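Reader: I would like a close look at one part of this protein, then a walk outward from there. Please keep it brisk.

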Amino acid sequence: MAKKKDSEKHEDGQRGGKYNKDDADANELENFVDDITDEDLLGDVLQKRPKVSDGVDTVIIVDGVPQVNPERFDKLKVVITKIFAQFGKILNDYYPKSENGHTKGYIFIEYEKHESALEAVTQANNYKLDKQHTFLINLFSDYKKYNDIPEKWEAPTLQPFPERPNLQYFLSEPDAFDQYYVYNVNSHIEVWLNSNPQPTKLVEREKWTESLIMWSPLGTYLATLHKQGVVLWGGPNFTNVLKLSHRNVQFVDFSPCEQYLVAYAPLDNGEQKLTIFDIRTGAEKRSFISDAPMAGNVLRWSKDDKYFARIGHNTLSVYETPSFGLLDKKSITVNGIRDFSWSPRDNVLAYWVAEDKDVPARVVLLEIPSRKEIRANNLFNVADCKIHWQKAGDYLCVKVDRYAKIKREKGDVKYSGMYFNFEIFHMREKNIPVDSVEIKEPIHAFAWEPIGSKFAIIHGEPSNNSVSFYNVKSGQAPVLLKKLDKHFCSHLFWSPAGQYIVIAEIRDSGALEFVDTADFTTMCSTEHYKATDIEWDPTGRFVATGVSSWKTKGDTGYWIWSFQGRILNRFNTNTYCHMQWRPRPPTLLSAKQQKDTKKSLKKYTSQFETKDKMRMTKASKEVIDKRRKLIKEFEEYRSKRLEDWNKQKAERMAIRSHIDTDELDSDDKNVQVEKVEFLVKEEVTVID
């Protein structure tokens, strides 16, 4: 059969340039509904479509550029490009020139992305090129805004001052009871007061957050995350205090003094955006764009919020507030930097650098803002390091994973003969001496005592772990205080007040051991089966253990214990996910005042015990009153039902041939009495 020509095929499908609506196929096409979205069909193409912010929003105007002749133009362009290329990819640049070829002192730079232009404006504005030239930078899109400023100034309308609730009200709780939130499935949030003898529910809200919820480090705010941004809650009724717009935010972090909040969110192109907000005003202070994983992008703050730092490629960038510019307008070049951490007391950075061929690894202490290296320690045969600061900042411990042999195959590195060192830096002594503790066995956990100079480690084979306690004193090497052998454990949890510690196994059995490190006595050995989380309250009086439905199924819920390991309350629920105690700010009492208070604690013990007894008596009275009320309600209900039953007696007799069946002996003719005897007990008495 001969094939049709293309022209014939066209005539069969189309007559006179129009579909024939009388055809069945044409009717089907007319009634067809396309349910495939453009995103599903052309997702990769639509990602590249122009955005509203593209165009003029990617162009910046840089004023204050040196005016140079044609001979010096190329050198100027190299310098300018080097400065502004660090904020993003430059597509075009334009240097206006006069008739004699001299530059006019301002330039136009076009970036590939709007975010790059914003970062250039934020970071490079007021950049001092030399003594005579300082850059003044604006977005090209701001030109219209500045050009349309009215000649006559009009005073802005005064806005009413929104009075904030008392954000520190929880610190004035008369009995010093702490608060905690409980996160349940479907974002059902409850806030509780850990009152005695039973916790009291303060707030309960459905879908309070869309992903994450967390307390601020001083307990002032409760932060919730939503698709549009972050909301901060506070006050007795947890009212909305501040809204921060940051679309698709996935994680937030507060500065230690709660002056700033950092929000992290992924962008459509796979990069990460980090934005810093001023919590007091809600203003956006600085943003960063990075293609590195979010875990490597976390900004780390100094203890006083004056500085924050981040790691780049072979660089350590330290920024200062409130300008949010680079310290001394340049980053610190550190080839091979892997990790860093701020001292919790001083503006000192500790970072470590990996080995590079014959160059050993290094741990460096850097003083900020002087950038002075106050101590450096070379380390050999290093596979990895972990930095652990003591809470008071008096000591720094660097856990060093060392190897005996190294083997490199196709880019992969394999270590063998592993052993471990703890390098202890004495921060308060002259020249910062360093002591070393060597452990041949694998290390599973390390933890400093929050108040004190002891640290604990879990080491050994998983089936036969040991827990060792060391003490560090000024001018002395660390001393082994106690070694607890044959402990099935995985984690260490120190009390915030020091001295007491919970040694736990939270991977399988949920074994718990409450230890007093004053004399290393075990106060209690117990378990919370399948426990996944353990957290001390901020005062060190209570411990909460939980089994999260995020990690396991069955027997989920949380329990509250005393610091001695006595179970106080159990809350078992299938919806439990997570709980967190509300933090407290540092005490305003001096060290001497705290010491005197502890000495005179016995004077107040009797008062506290009397108050606890009264509270328990009150609770018992409430239980008795509740039971009496229930009995009374039952008796009233029963009397009413008996009255109805007596009224219906005539109807029952009419139905039952006028035979009264309400009593057993009312119909003795149809009742047969049978006597049944059976042996209840048999006793045998033997008489000698």
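Is I406 buried, partly exposed or exposed, and why?

Author: This is a predicted model. I406 counts as partly exposed because its relative accessibility is 30%. Buried would need a value under 20%, and exposed a value over 50%. I406 sits in strand β27, which covers residues 405-409. It also helps to make a nonpolar surface patch. The other members of that patch are V413, Y415 and M418. The area of the patch is about 290 Å².

Now take N377 for contrast. This residue belongs to strand β24, residues 372-379. N377 counts as buried because its relative accessibility is 15%, and the limit for buried is under 20%. Its contacts reach along the chain in both directions. Leaving out residues up to four places away in sequence, N377 touches A361, R362 and V363, and also E423, F425 and V434. Take F425 from that list. F425 is 48 residues from N377 along the chain, yet 9.8 Å separates their C-alpha atoms.

Strand β5 takes burial further. It spans residues 179-184, and six of its six residues are buried, so the strand is largely enclosed by the rest of the structure. Its side chains point two ways. Q179, Y181 and Y183 go one way, while Y180, V182 and N184 go the other. Both sets are buried.

Strand β5 has pairing partners too. One is β6, residues 188-193, joined to β5 by six bridges in the antiparallel sense. Within that pairing, V182 has E190 of β6 as its bridge partner. The two strands make a hairpin, with three residues between them. In the turn, N186 has a positive phi of about 60°. Another partner is β43, residues 576-581. This pair is also antiparallel, with five bridges. Here N184 of β5 is matched with Y576 of β43.

Last, an open sheet. Four strands lie in the order β12-β13-β14-β15, with antiparallel pairing. Its edges are β12 (251-254) and β15 (284-290), and each of these pairs on one side only. On average, neighbouring strands in this sheet are turned by 15° against each other, direction ignored. Look at the β15 edge. Strand β14, residues 272-278, runs antiparallel to β15 and is joined to it by six bridges. One of the residues involved is F277, whose bridge partner in β15 is E284.

Conventions:
Residues are numbered from 1 along each chain as its sequence is written. This is a predicted model: local features need pLDDT of at least 70, side-chain atom pairs count only at pLDDT 80 or more; totals for chains, interfaces and linings use all residues. Side-chain values use heavy atoms; hydrogens and water are left out. Patches are made of residues with over 30% relative accessible area and no salt bridge: like charges are joined within 9 Å, nonpolar side chains (Val, Leu, Ile, Met, Phe, Trp, Tyr) within 5 Å. Accessible areas come from the Shrake-Rupley method with a 1.4 Å probe; for residues, only the protein chains shown count as cover. A salt bridge is a side-chain nitrogen of Lys or Arg within 4 Å of a carboxyl oxygen of Asp or Glu. Buried means under 20% relative accessible area, exposed over 50%, partly exposed in between (1.4 Å probe, protein chains only). Two strands pair if DSSP finds at least two bridges between them. Axes are lines fitted to C-alpha atoms, for helices over the stretch in contact, and angles run from 0 to 180 degrees between N-to-C directions. Contact means heavy atoms within 4.5 Å.
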